[in-house]
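Biologist: I'm new to this one, so could you walk me through it? I'd like to hear the reason behind each label you use.

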2 protein chains.
Amino acid sequence: MSEHTAPTKERILEAAGEIFGQRGFKDATIRAIAQAAEVNIAAINYHFRDKEGLYGAVLEEVFHIGFTRFPATLGLDTNIDPEQRLRAFIRAMFFRLLSREGWGGIAGRGRLIARELLAPSPAFEAVLDRYIKPHKDLLVTIIIEIMGVNPGPEKLMSCAISIIGQCIYYAMASPVIRKISTDNAPTEENLDRLAEFVWLFSLGGIAKIKDATLSPVKETV
Amino acid sequence: MSEHTAPTKERILEAAGEIFGQRGFKDATIRAIAQAAEVNIAAINYHFRDKEGLYGAVLEEVFHIGFTRFPATLGLDTNIDPEQRLRAFIRAMFFRLLSREGWGGIAGRGRLIARELLAPSPAFEAVLDRYIKPHKDLLVTIIIEIMGVNPGPEKLMSCAISIIGQCIYYAMASPVIRKISTDNAPTEENLDRLAEFVWLFSLGGIAKIKDATLSPVKETV
DNA sequence: AGGAAAATAAAACATTTGTTTGAAACTGGC
DNA sequence: GCCAGTTTCAAACAAATGTTTTATTTTCCT
């Protein structure tokens, strides 16, 4: 086995990330992963105990790499204006989720995260506390600064969901998006433009929510 | 079998929608569906040929019911102002996707649609042409009217994706959202408020995009 | 060099699962 | 009342799949 560059355990993680992302937990078979990693089937159980153990290891590794390579604060100082920090936050999400350098877009691991949101696995709980909650808190902080006022936790959370939802929808629905509009498919060369759009759209949304909070109007319908 | 209210075929469709939505195609077993429908396993193959045939029938029925009971134009006239039509459009999406009357929220069929976006099945192609594309076209029409100008197909599509993405994200990520914030979980009693928020946020987003289109600014970073 | 521990390999096992089969029960028309 | 067609049922089948077993090879410390 000295013909391989990476050791067995890493090759398994690599192949498993790809195949779990493409097919989902149930549809991904140990045999397919073993074949892709050029590894004996039993090696998977040896290194990761069972299929679920392997999945947990993949999930942890995927999040770690993604948030390490594309931190939400993309090298920006805290004293830079909050609009630009939101811009960096959104760009980081797009590139983390969809770029080849990140979770690999369509064919790759971005969809593994989408699957977790849809149906969290037992291994997701840890990832939620370690990565997602702090990530959300950072976004909320940025939104407060942009608004200049604090509209309360409920509206803040709604804003955060609207922003994150736009980003993740691109990763999640990319198969369908590219069937409807190639211009807006989240391909490598479109990521910059799409991130810029979502940033502007979200700035407008935040401004509108601020207005509505400061001067609530009675409904007419 | 005369003790059942609905005929076998309908009971199977009913149970299959529930279970496919909860577990996904692969993870849902014929046996679980048969048991839930109180039907013999072979009855499924008899009425729907095979598992894939059943899934196709479920998908078609789910979309038909959803768009029939919650049309995107929710009884509004075309000459009403476009902001209110957007409001109706978004409300319809929320209630179609998440209400008990619609695709049944968390435990139900809303997630079946989310799964299709993530990994379209062969049966999805037909649904795409019949329901989703016209639905998108309607939204684009509304956005044009709100803007008062036509920013071009690319920006229009981006707006549509941002709006639809927010709605679908609630349906898709509801398991995680409710773990982070119960106030913003898309439960029956929250739907009105969430739809209202997404509407406002989107109005702000559209306005901002219109501004940026009319007076583009050079980037400073 | 020797030997214990770690790693890899091939084969077999036990379950799960979609599908088929052939018989039984039911339905509606004559 | 009876029969052809339809529907339901229990059992069996065949394929796929996660896991275990046992043997062999490799690694690494003394």
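Modeller: Between chain B and chain A there are 14 residue pairs in polar contact, both at pLDDT 80 or more. Six helices of chain B, α5 (82–98), α6 (110–118), α7 (124–147), α8 (153–172), α9 (174–180) and α10 (191–214), each supply at least two residues of the side that touches chain A. This is a predicted model, where local features need pLDDT of at least 70, side-chain atom pairs count only at pLDDT 80 or more, and totals for chains, interfaces and linings use all residues. Residues are numbered from 1 along each chain as its sequence is written, chains are lettered from A and ligands numbered from 1 in the order written, and side-chain values use heavy atoms, without hydrogens and water.

Biologist: What makes A:K26 and B:D27 a salt bridge?

Modeller: The term needs a side-chain nitrogen of Lys or Arg within 4 Å of a carboxyl oxygen of Asp or Glu. Their closest N and O atoms are 3.4 Å apart, so the pair qualifies. The rule finds 6 salt bridges across this interface.

Biologist: Why is B:R31 said to be in polar contact with DNA strand C?

Modeller: A polar contact is a pair of N or O atoms within 3.5 Å; within protein, one must be able to donate a hydrogen and the other to accept it, and residues adjacent in sequence count only if both atoms are side-chain atoms. An N or O atom in the side chain of B:R31 is 2.9 Å from a base nitrogen of the strand, so the label fits.

Biologist: And how do you know that A:H47 touches a phosphate?

Modeller: One of its polar side-chain atoms lies 2.7 Å from a phosphate oxygen of DNA strand C.

Key: Helices (H or I, at least four residues) and strands (E, at least two) are DSSP runs, numbered from the N terminus.
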